[in-house]
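These are my notebook entries on a single chain. I set down what I looked up, beginning with one strand and its partners.

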Amino acid sequence: MSFRYLQSLFNPQSIAVIGASARPRRIGSVVMRNLLAGGFGGVIMPVNPKRDAVAGVLAYPSVDALPRTPDLAIICTPPSAIPGILEQLGKRGTRAAIVMASQLSTTLGTDGRPLDVTILEIARRHDIRILGGSTLGVMVPQAGLNATFSKVGGLSGNIGFVSQSDAVGTMVLDWALPKKVGFSHFVSLGDALDIGFGEVLDFLGSDPGTRAILMYIESIRERRGFMAAARAAARNKPVVAIKAGRAQRAMHDVGDPLFLDSPGLIGSDDVADAVLRRAGILRVDHLNELFGAVETVVRSRPIHGDRLVVISNGGGAGIMAEDSLHLGGYALPDLHPNTLTRLRRLLPPEWNGRNPIAIRVDAPPKRYEDVLKILCEEQDGDAILLIHTPNALTPSTEIAETAIKTIRSVGGNLLTCWIGDETAATERKLFVDAGIATFDTPENATRAFLHMVNHRHTREVLMQAPRPPRSTSAPTWTARAPWCAGRWRKAARA
């Protein structure tokens, strides 16, 4: 697929803001402010027939008056003005436009037809691709592009986020900023009148700056395009999604044309699960799980099984992790006899020999190092979860530094959980900087491990090849029943 029009959307050299405004709390005003604050290095051309300048930038009275053809047009006008603006942009040769206005399908034009139909006809006639309507816009932080009306900006990173809901998009930006989660691209599809999940997945799947793709899905229009693009993207990098509408009434509200109700005992959400799994997409239920899944899938090595070994300096935290794993349908494996023998030489006599491994609240950094080395060497698990509750008896930061140094020297898949908020912030930052997945509760850590397991399963399903067709050497109707062959041929001709 050619990404020429998506390059105009994601990497424009010139932008026209049509309906740019100096009035507060107007979309045209917020978009202009965000473009300027984001540090966009290209040309910004506000269009407003009533002002000489907007936000200190020279304004133009119309699209025809622009000194150059914009690569990208951001249309912030009322719906009724959009068809005429698109006609002017099409004649100038603009290839991409963001339509902010909503309710295009319920607003009638001068010809009595819904505006979304008219807009799409004009766009196709002039070879313009449309993002929206009812979209929050687009961000490409590394390019300084913030073409949104969001109150919160995005940090530069390697996660591509695609959402159909501007409200969810705003929530994600607000959640990600304090946690230092950065984006390669942030795309709000809105109504997906033209550009949908398929095109954006194709682009992000081949983008070297995107390591993982997150999606919030309500409905899919182009089913085949979505499946092809999702499967191709999932072969290259993790794709994680929230599929909204588990309740039947919610499903009818979003009007989902992909995951329709199925007869019998199979509901639409069962179909959604199967479709996403077949596409290689890891499905999660909540926003915190969305980023928790990326935390493990991106930062951790691929796992080959579902065995988790838990180390904890407090028995209660280890039991909480075991319970959470049990609720997810898995159990902690028993330790190998050789592992038990080696660990008993290090751990207190009262240790019960079970996984989770309780190493006592006052365990020094050297004990953490030795236990980690034994578990990595014996390979009792596919991943190790290290849980630490900071206390006044042990140097929490030194233990974190020891764990990082140990896992780098011996290898292995390590997840960490430093329980607490302010008391564990420094240690969690150390793990983030070291590229090690870290969490604040045992439940979040074990759920993240389950996401790793489920991602492995989706990858296995994705890589499955269809069975070859059965041999066609079976007897034909004529060979099996010569007495009815003539009658069958007559029926076929009739």
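**Entry 1. Strand 15 and its partners.** I worked from a predicted model. I first looked up V309 and found that it stands opposite I384 in strand 17. I then checked how the two strands run: strand 15 and strand 17 (residues 383-388) pair in the parallel sense, over five bridges. I also looked for a link to strand 16 (residues 357-358), and I found two bridges joining it to strand 15, again with the strands running parallel. Within strand 16, A358 is the bridge partner of S312.

**Entry 2. Cover over strand 15.** I asked how many residues of strand 15 (residues 308-312) are buried. The count is five of its five residues, and I recorded the strand as mostly covered. I next noted the side-chain directions: L308, V310 and S312 point one way, V309 and I311 point the other way, and all are buried.

**Entry 3. Helix 13.** I turned to helix 13 (residues 365-378), which has 14 residues. From its first C-alpha to its last I read 20 Å, close to the 20 Å expected at 1.5 Å a residue. Helix 13 is mostly covered, with ten of its 14 residues buried. Among the buried residues I listed Y368, V371, L372 and L375, and also the charged-type entries R367, D370 and E378. I then asked what covers the buried residues of helix 13. The cover includes strand 15, strand 16 and strand 17, and also helix 12 (337-344), helix 14 (396-410) and strand 18 (414-418). I closed this entry at Q379, which follows helix 13 and has a positive phi, near 55°.

**Entry 4. Nonpolar cores.** I looked up the largest nonpolar core, and it has 51 residues. The residues with the most contacts inside it are L9, V17, I74 and M215. Apart from it lies another core, of 27 residues, and L347, W351, L372 and W418 are among them. I noted that L372 also appears in my list of buried residues in helix 13. Returning to L9, I recorded its contacts beyond four places in sequence: L72, A96, I98, L131, V138, L145 and I195.

**Entry 5. S29.** I located S29 in helix 2 (residues 27-38). Is S29 buried or exposed? I entered S29 as buried, because its relative accessibility is 12% and the limit for that class is under 20%. Leaving out residues up to four places away in sequence, S29 touches S21, A22, R23 and P24. I also took the separation between the C-alpha atoms of S29 and V17, which is 9.6 Å, with the two residues twelve apart along the chain.

**Entry 6. R283.** I found R283 in strand 14 (residues 282-284). R283 counts as buried, because its relative accessibility is 13%. I looked for a polar partner and noted the backbone oxygen of K243, which lies 3.0 Å from a polar atom of the R283 side chain.

**Entry 7. The chain as a whole.** I recorded 18 helices and 19 strands. Of the 494 residues in the chain, 51% are buried. Among contacts with a separation of 6 or more, residues 24 or more positions apart account for 71%. The chain exposes about 23,400 Å², and carbon and sulfur atoms supply 52% of that area.

Terms used: Residues are numbered from 1 along each chain as its sequence is written. This is a predicted model: local features need pLDDT of at least 70, side-chain atom pairs count only at pLDDT 80 or more; totals for chains, interfaces and linings use all residues. Side-chain values use heavy atoms; hydrogens and water are left out. Helices (H or I, at least four residues) and strands (E, at least two) are DSSP runs, numbered from the N terminus. Buried means under 20% relative accessible area, exposed over 50%, partly exposed in between (1.4 Å probe, protein chains only). Contact means heavy atoms within 4.5 Å. A polar contact is a pair of N or O atoms within 3.5 Å; within protein, one must be able to donate a hydrogen and the other to accept it, and residues adjacent in sequence count only if both atoms are side-chain atoms. A nonpolar core is a set of buried Ala, Val, Leu, Ile, Met, Phe, Trp, Tyr and Cys residues joined through side-chain atoms within 4.5 Å. Accessible areas come from the Shrake-Rupley method with a 1.4 Å probe; for residues, only the protein chains shown count as cover. Two strands pair if DSSP finds at least two bridges between them. The expected span of a helix is 1.5 Å times one less than its number of residues.
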